[in-house]
Structure formats: C-alpha cells, structure tokens
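This briefing covers a few selected features of one protein model. Please look through the structure before reading the points below.

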Amino acid sequence: MESPLSAEQEEELVNLIAQQQPVLRVLIRAMVPGRADCEDILQETNLVLWRKRDSYEMGTNFNAWAGTIARFQVMAWRKRSQANRLQTFDDEVLERLVESTCERWGNLPDRRQALRKCMQGISEDNRSLIEHRYFTKSSLADFAKAQGQSFASVRKKMERLRASLRDCINRQLAQETD
C-alpha cells in the first residue's frame, strides 16, 4: 500500500519523531514508574507513530498527535501489567499526570523560544553555570570548585537562576497570549 505522504513529507515526519524523542520520553515517564518499561513503551510508540503516519496531517500539532498515541500505548501497557498483577498507578492519578504533562507539553515550542529569549538576558557567568549544569557530565560540585566557590553558594545560585528563568518564560508566554 502506497502512502499518501510524499517522500519529503515522510522525511519531515521522521525528523519530527526524532526531534521529539526526549519529549515523548518525558511524557511516558510521567505515566510509567519503571525506566525499562518507559523505554519499551517509547519504542512501541515510535512504531505506532510510523504505522499511523498517514493519519497525521502535516502542519498540525505533532505533539498533540504523538502524545495521544503515547497515552494509548501507556494504557495498553497498563492493561498488560495488570494482567501480570504488577502495581501501576491508580486511573485517577494517571489521568492527572497525563493532563499536567500534556498541558506543559502542548506549548513546548513556545516555551523553548521563550527560554532562548530569556537566556539572552542573563549574564555570561550565569549562562556558563546553566550550560555547565545541563550540557556537561561533570557535577555542580566540580563547577563550584573550578570557580573557587562553595558548593552551597553555587547550588543556591542555580536555584535562583531556575526560578528567574521560569518566571521569565511565564512572562514571555503571557505576553504572547495578550
């Protein structure tokens, strides 16, 4: 059976799926307690995304489409787990987790853009700390030592930076909706 998507559209969809792996992982992880189970469900989700590629309308909200499929994969996993008598989340708890995660996930591109803007407004020292924390494998303690600062002071600075960036992102998003 030939796909109604062009080769270019299929390539674009492959790129979307690849780019959104971290986000899908977070969404599934919010609903599933075990890391191994999460990875299995993510792989199943990827297979279903590809099988159902013809149902995705290019240009629409990919996150919503993929998130719905991931949610159904988690529900299928839960049924299998219950059949095997494994402990899983209560249905109400799962629904709340899904709602909360989907709310945050739905506007992820806007949040990323807001973060980029907010990062431009912080000092080079603060940017260096943020980049170290999220893009290197060395610890915050190592960073503190290299900077000649105490771990406690660097940790506190990091907490303040996170709060400041979160507030900045929320202000940016609020401005966009006004």
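How many disulfides does the structure hold? The structure, a predicted model, holds one disulfide. The points below take that link, then two helix contacts made by α9, then a few single residues.

**Disulfide**

- Cys-118 and Cys-168 form the disulfide, with 2.0 Å between their sulfur atoms.
- The link of Cys-118 and Cys-168 is left-handed, at -95° about the S-S bond.
- Cys-118 belongs to helix α6 (residues 108–120) and Cys-168 to helix α9, so the disulfide ties together parts that are 50 residues apart in sequence.
- Cys-118 is buried, at a relative accessible area of 3%.
- Cys-168 is buried as well, because its relative accessible area of 15% falls under the 20% cut-off.

**Contact of α7 with α9**

- Helix α7 (residues 124–135) packs against helix α9 (residues 151–177) at an angle of about 95°, and the two axes are 11 Å apart.
- At that angle α7 is roughly perpendicular to α9.
- On the α7 side, the contact is made by Asp-125, Asn-126, Leu-129, Ile-130, Arg-133 and Tyr-134.
- On the α9 side, Val-154, Lys-157, Met-158, Leu-161, Arg-162 and Leu-165 take part.
- By class, the residues of the contact of α7 with α9 are seven nonpolar, one polar and four charged.

**Contact of α8 with α9**

- The axes of helix α8 (residues 140–147) and α9 come within 9 Å and cross at roughly 115°.
- This crossing makes α8 roughly perpendicular to α9.
- The crossing of α8 and α9 is right-handed.
- Leu-140, Ala-141, Phe-143 and Ala-144 of α8 meet Phe-151, Val-154, Arg-155 and Met-158 of α9.
- The contact of α8 with α9 has seven nonpolar residues, no polar ones and one charged.
- Val-154 and Met-158 of α9 appear in the contact with α7 and also in the contact with α8.

**Single residues**

- His-132 is found in helix α7 and is buried, with a relative accessible area of 11%.
- Leaving aside neighbours within four places in sequence, His-132 is in contact with Ser-138, Ser-139, Leu-140 and Phe-143.
- Of these partners of His-132, Leu-140 and Phe-143 are in α8, where they also meet α9.
- Cys-38 is buried, with a relative accessible area of 1%.

Definitions and conventions: Residues numbered from 1 in each chain as written. Predicted model: local features only at pLDDT ≥ 70, side-chain atom pairs only at ≥ 80, totals over all residues. Heavy atoms only, no water. Axes fitted to C-alpha atoms, helices over the stretch in contact; angles between N-to-C directions. Helix = DSSP H or I, 4+ residues; strand = E, 2+ residues; numbered from the N terminus. Parallel < 35°, antiparallel > 145°, perpendicular 65-115°, else oblique. Contact = heavy atoms within 4.5 Å. Nonpolar A, V, L, I, M, F, W, Y, C, P; charged D, E, K, R; others polar. Buried < 20%, exposed > 50% of the residue type's maximum accessible area, 1.4 Å probe, protein only. Disulfide = S-S within 2.5 Å. Left-handed = near helix turned anticlockwise from the far one by under 90°.
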